[in-house]
Amino acid sequence: MSNKALRWTTTFQTPATSQPVTLQGFGTPGKRPGQTRSPVVIFFHGGLFNAGNIEEAFALATALTDQALTNQENQAIVVCVDYPLAPEVKFPATIEVAFAALQWVVDNAKQIGADSKRIFVAGEHAGGNLAAVVAMLFRDRAITFNKQTNLAGQILINPMLDALQTSKSMGNAADSPCRRAWAEYIPTASDCTHPYASPLHSCRLGGLAPATIMTTESHPLRDEAEAYAAKLLLAGVPVQVRRLGDSTHPLTSPLHPCFNNLTQLIRQVLLDKSTAG
């Protein structure tokens, strides 16, 4: 096998959408008997609820699973989710697709060589919202899973967490495309403060998986991400917050000057033995 991460593709069906949902996996599926299983990251790509594509996640997934850069015994499995975009699919159907992706990983952990006690959800921008919401759904629907399943962490990268867009950094952004994206994702105004739509407005954050939240200095989503981190801390959730440097490129792009810092931070989170259930 080459040093580059093995890639594999599969699909699953969910009542939340009429079309099959594609999963692009990175990392070796199936471990040899006696070999340690790997932590698995379910990654929701960046962009907005009405824009973006799964290919945008591939560079980060490759970096996290490249055997030339990681200890093969501790190599991660990354499963990128090609979730449907608004306005064709919108809240709350989108979060059900995201949760179904988690269920698929749980059901197939053994086949893909993943440790079901070290499952992480992660995402950038709209994908960060979905990762945060899946962490809530995992807590609220715990009866769905057995005791051998543990959500070890949530990794949120400049996440969209406030449909009302009330933060100072968002207010300073002229003609932000987030405004149209939120309107197409949540067409019913009364849903804008629903905790599964806008996690920042949740009044019940206790019991969530530990969070790693990464922002960049002048990003419009910076303030709401850091405000969410503060609310999580007040609720007793372990949180690590890092603010990185600016670029015109998304943080998950190899063209961003802090891309290597991002991948190293995520590797550290994945290898933290304290996250194991």
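**Entry 1: strand β4**

I started with β4 and asked how many of its residues are buried. Five of its five residues are, so I noted β4 as mostly covered, using under 20% relative accessible area as the cut-off. I should jot down here that this is a predicted model.

Next I looked at the two faces of β4. In a regular strand the side chains alternate between the two faces of the sheet. On one side I found I77, V79 and V81, on the other V78 and C80, and every one of these is buried. I checked C80 separately, and its relative accessible area is 0%.

**Entry 2: the partners of β4**

Which strands pair with β4, and in what sense? Strands of a sheet pair through backbone hydrogen bonds, either parallel or antiparallel. I found β2 (residues 21-26) running antiparallel to β4, with four bridges between them. On that side, Q24 has C80 as its bridge partner. With β3 the pairing is parallel, and I noted five bridges. There, V41 stands opposite V78.

**Entry 3: the whole sheet**

I then stepped back to the sheet itself. It is open, has eight strands with mixed pairing, and I read their order as β1-β2-β4-β3-β5-β6-β7-β8. At the edges are β1 (7-12) and β8 (239-244), each of which pairs on one side only. From one strand to the next, the twist averages 20 degrees.

I looked up two helices that pack on this sheet. Helix α3 (residues 126-140) touches β3, β5 (114-124) and β6 (151-157), and its direction makes about 140 degrees with that of β5. Helix α6 (residues 222-234) touches β6, β7 (211-216) and β8, and I noted about 155 degrees between its direction and that of β7.

**Entry 4: helix α1**

How many of the eight residues of α1 are buried? I got six, so α1 is largely enclosed by the rest of the structure. The buried residues are F58, L60, A61, A63, L64 and T65. Looking for what covers them, I found that the cover includes β1, β2, β3, β4 and α7 (259-271). So β4 turns up again in my notes, this time as part of the cover over α1.

F58 had one more detail for me: the charged end of R7 sits over its ring, 4.7 Å from the centre. I found a similar arrangement at F99, where the charged end of R141 sits over the ring, 4.7 Å from the centre.

**Entry 5: Y185 and its rings**

I moved on to Y185, which is found in helix α5 (residues 178-185). Is Y185 buried or exposed? It is buried, with a relative accessible area of 0%. Leaving aside neighbours within four places in sequence, I listed its contacts as F49, A86, K90, F91, T94, I95, N129 and L130.

Two of those contacts made me look at aromatic pairs, of which the structure holds nine. A pair of aromatic rings is described by the distance of the centres and the angle of the planes. For F49 and Y185 I read 3.8 Å between the ring centres and 0 degrees between the planes, so this pair is stacked. The two residues are 136 apart along the chain, with F49 in the loop between β3 (38-44) and α1 (58-65). Their C-alpha atoms are separated by 6.1 Å, and both residues are buried.

F91 and Y185 also pair, here edge-to-face, with 6.0 Å centre to centre and 70 degrees between the planes. This pair links distant parts of the chain too: F91 is in the loop between β4 (77-81) and α2 (93-107), 94 residues from Y185. I found F91 buried, with a relative accessible area of 10%. Putting the ring pairs together, I got a cluster of F49, F91, W182 and Y185.

**Entry 6: cysteines**

Last, I looked for disulfides. A disulfide is a covalent bond between the sulfur atoms of two cysteines. The structure holds zero of them. Why does C192 have no bond? The closest cysteine sulfur, in C178, is 13 Å from that of C192, which is too far, given a cut-off of 2.5 Å. I also noted that C192 counts as buried, at 14% relative accessibility.

Technical notes: Residues are numbered from 1 along each chain as its sequence is written. This is a predicted model: local features need pLDDT of at least 70, side-chain atom pairs count only at pLDDT 80 or more; totals for chains, interfaces and linings use all residues. Side-chain values use heavy atoms; hydrogens and water are left out. Buried means under 20% relative accessible area, exposed over 50%, partly exposed in between (1.4 Å probe, protein chains only). Contact means heavy atoms within 4.5 Å. Rings of Phe, Tyr and Trp (its six-membered ring) pair if their centres lie within 6.5 Å; planes under 30 degrees apart count as stacked, over 60 as edge-to-face and the rest as tilted. A charge sits over a ring if NZ of Lys or CZ of Arg is within 6 Å of the ring centre and within 35 degrees of the ring normal. Two strands pair if DSSP finds at least two bridges between them. Axes are lines fitted to C-alpha atoms, for helices over the stretch in contact, and angles run from 0 to 180 degrees between N-to-C directions.
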